Amino acid sequence: QVQLVESGGGLVQAGGSLRLSCAASGSIFRINAMGWYRQAPGKERELVARITSSSSTDYAASVKGRFTISRDNAKNTVYLQMNSLKPEDTAVYYCNARLTTKQTMGLIDVNSWGQGTQVTVSS
């Protein structure tokens, strides 16, 4: 069983910065990819950024150049540094991990989600 715990959300003025973190714990054999999604009220959940085991990164066009995703493999933790925040960045941010976990049957690939952390950017 795997859990993802997010932290770092909050209220910030436009132009400010926040750093989100997400720590994965449990019977983890290997983390294949970790990333961040966000969902604003009334809108679809969208991919913000992700990083693979090979360190390849993907960003939404709306955040490219402002957000940076990174990881600490030893701590099974992924970070999202958010700079130059805009009101349109306001959303609940969810950590996601695609990983291989150790279970009774053996190794199994799972897609895990965190509980979400609120990011609010005021004008």
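This is a short talk on the strands, the disulfide, the core and a few single residues of one structure. The model is predicted, so please keep that in mind throughout.

I will start with the sheet. Four strands form an open sheet, and their order is E1-E3-E8-E7, with antiparallel pairing. E1, which covers 2–7, and E7 stand at the edges, and each has a single partner strand, so one side of each is left without a neighbour in the sheet. From one strand to the next, the twist averages 15°. For anyone new to this, strands of a sheet pair through backbone hydrogen bonds, and they do so either parallel or antiparallel.

Now one edge of that sheet. How many bridges join E7 to E8? There are six, between E7 at residues 67–72 and E8 at residues 77–82, and the two strands run antiparallel. Two of the pairings can be followed by residue. Phe-67 stands opposite Met-82 in E8, and Thr-68 stands opposite Gln-81, again in E8.

E7 and E8 form a hairpin with four residues between the strands. Asn-76 lies in the loop between them. Asn-76 has a positive phi of about 50°, although it is not a glycine. In general, most residues other than glycine have a negative phi. As for exposure, Asn-76 is partly exposed, with a relative accessible area of 25%.

There is another residue of this kind in the loop between E8 and E9, namely Ser-84. Its phi is near 50°, a positive value in a residue other than glycine. Ser-84 counts as partly exposed, at 41% relative accessibility.

Next, strand E9 and its partners. E4, residues 28–39, pairs with E9 in the antiparallel sense over ten bridges. Within that pairing, the bridge partner of Ile-31 in E9 is Leu-99. Leu-99 also has a bridge partner in E10, and that is Val-110. E9 and E10, the latter at residues 106–113, are joined by eight bridges and run antiparallel. The hairpin that joins E9 to E10 passes through two residues. E11, residues 117–122, is joined to E9 by three bridges, and this pair runs antiparallel as well. There, Tyr-93 stands opposite Thr-117 in E11.

On to the disulfide. The structure holds one. Which residues does it join? Cys-22 and Cys-95, with the sulfur atoms 2.0 Å apart. Cys-22 lies in E3, residues 18–26, and Cys-95 lies in E9, residues 91–103, so the pair ties together parts that are 73 residues apart in sequence. The angle about the S-S bond is -85°, and the link is left-handed. Are these two cysteines buried or exposed? Both Cys-22 and Cys-95 are buried.

Now the core. The largest nonpolar core has 30 residues. Which of them have the most contacts inside it? They are Met-34, Trp-36, Leu-80, Met-82 and Tyr-93. Two of these names have come up already: Met-82 as the residue opposite Phe-67, and Tyr-93 as the residue opposite Thr-117. Many strands contribute. E1, E3, E4, E5 at 46–52, E7, E8, E9 and E11 each supply at least two residues of this core. E9 gives the most, with five residues.

Last, two charged side chains that sit over rings. The charged end of Arg-19 sits over the ring of Tyr-79, 4.0 Å from its centre. Arg-45 lies over the face of Tyr-94, at 3.9 Å from the ring centre.

To go back over the main points: the sheet E1-E3-E8-E7 is open and its pairing is antiparallel. E9 pairs with E4 over ten bridges, with E10 over eight and with E11 over three. The single disulfide joins Cys-22 to Cys-95, and E9 gives five residues to the largest nonpolar core.

Notes:
Residues are numbered from 1 along each chain as its sequence is written. This is a predicted model: local features need pLDDT of at least 70, side-chain atom pairs count only at pLDDT 80 or more; totals for chains, interfaces and linings use all residues. Side-chain values use heavy atoms; hydrogens and water are left out. Two strands pair if DSSP finds at least two bridges between them. A disulfide is a pair of cysteine sulfur atoms within 2.5 Å. Buried means under 20% relative accessible area, exposed over 50%, partly exposed in between (1.4 Å probe, protein chains only). Axes are lines fitted to C-alpha atoms, for helices over the stretch in contact, and angles run from 0 to 180 degrees between N-to-C directions. A charge sits over a ring if NZ of Lys or CZ of Arg is within 6 Å of the ring centre and within 35 degrees of the ring normal. A nonpolar core is a set of buried Ala, Val, Leu, Ile, Met, Phe, Trp, Tyr and Cys residues joined through side-chain atoms within 4.5 Å.
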